[in-house]
Amino acid sequence: MSHIALVTLVVRDYDEALSFYTGALGFELVEDTDRGDGSRWVVVRPRGTDGTGLLLARAKDEEQRGSIGAQTGGRVGFFLHTEDFAGDHERMRAAGVRFLEEPRHETYGSVAVFEDLYGNRWDLLQSA
């Protein structure tokens with residue numbers, strides 16, 4: 001096994017999720033395929049990478065809808081690395097991304113916790 005290709009993120013709506021991840025976060029759309037049953041195969045990932053992507057999966061029942069925004073029990077569950085912390089932090093704030101704290105500069109690097117449009121917590125990180 002060489003790497004994790006995708007991580008599923010349960011979302012309320014494909015298009016609103018795409019708007020947030022490609023707009024506010026600046027991810028690229030890798031694939032958006034109609035599966036013929038009302039669902040779609042929607043994959044995004046950070047622009048310019050070929051690493052792990054997010055499979056945006058629309059919730060299909062009440063149980064899945066209940067997990068939207070809480071897939072990691074309120075903990076930071078996603079870690080977005082950057083080489084331009086200050087620039088990306090400012091661009092994301094200007095795009096309406098909600099940061100839960102001011103940037104911190106730790107021994108390992110710069111970090112700030114933010115929420116996606118559903119309340120999932122992410123770290124924006126630049127290694128020292």
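Mentor: Welcome! A helix here is a DSSP run of type H or I with at least four residues, and helices are numbered from the N terminus. Please keep in mind that this is a predicted model.

Trainee: Thanks! Which helix holds both Glu 62 and Arg 65?

Mentor: These two residues are three apart in the chain, about one turn of the helix. They also form a salt bridge, with the closest N and O atoms 3.0 Å apart. The helix that holds both spans residues 62-67 and is H2.

Trainee: Is Glu 62 buried or exposed?

Mentor: Exposed means over 50% relative accessible area, and buried means under 20%. Arg 65, the partner of Glu 62 in the salt bridge, has a relative accessibility of 39%, so Arg 65 counts as partly exposed. Glu 62 has a relative accessibility of 59%, so Glu 62 counts as exposed.

Trainee: How many salt bridges does a search of the whole structure find?

Mentor: The pair of Glu 62 and Arg 65 is one salt bridge, and Arg 45 with Glu 28 is another, its closest N and O atoms being 3.4 Å apart. That second pair links distant parts of the chain, with Arg 45 in strand S3 (residues 40-46) and Glu 28 in strand S2 (residues 27-34), 17 residues apart. Over the whole structure, the number of salt bridges found is nine.

Trainee: Let us move to H3. Why do its buried residues line one face of the helix?

Mentor: Helix H3 runs over residues 85-94, and its buried residues are Phe 85, His 89 and Met 92. Seen down the axis of H3, these buried residues line one face because they fall within an arc of 70 degrees.

Trainee: Which residues are exposed on the other side of H3?

Mentor: The buried residues of H3 pack against H1, strand S6 (98-99), strand S8 (109-115) and strand S9 (121-127). On the other side of H3, the exposed residues are Ala 86 and Ala 94.

Trainee: Which residue of H3 forms a salt bridge with Asp 88?

Mentor: Asp 88 counts as partly exposed because its relative accessibility is 22%. Its partner is three residues apart from it in H3, so about one helical turn separates the two. The closest N and O atoms of this salt bridge are 3.8 Å apart, and the partner is Arg 91.

Trainee: With which side chain does the side chain of Thr 82 make a polar contact?

Mentor: Thr 82 sits in the loop between strand S5 (76-81) and H3, and with a relative accessible area of 11% it is buried. A polar atom of its side chain lies 2.9 Å from the backbone nitrogen of Asp 84. The side-chain contact you ask about spans 2.4 Å, and the partner is Asp 88.

Trainee: One last stop, then. Which residue caps the N-terminal end of H1?

Mentor: H1 covers residues 14-24, with Tyr 14, Ala 17 and Leu 18 among its buried residues. After H1 comes Gly 26, whose phi is positive, near 80 degrees. At the N-terminal end, a side-chain oxygen of the capping residue lies 3.0 Å from the backbone nitrogen of Asp 15, and that capping residue is Asp 13.

How values were computed. Residues numbered from 1 in each chain as written. Heavy atoms only, no water. Buried < 20%, exposed > 50% of the residue type's maximum accessible area, 1.4 Å probe, protein only. Polar contact = N/O pair within 3.5 Å; in protein donor to acceptor, adjacent residues only side chain to side chain. Arc of directions from axis to C-beta. Contact = heavy atoms within 4.5 Å. Salt bridge = Lys/Arg side-chain N within 4 Å of Asp/Glu carboxyl O.
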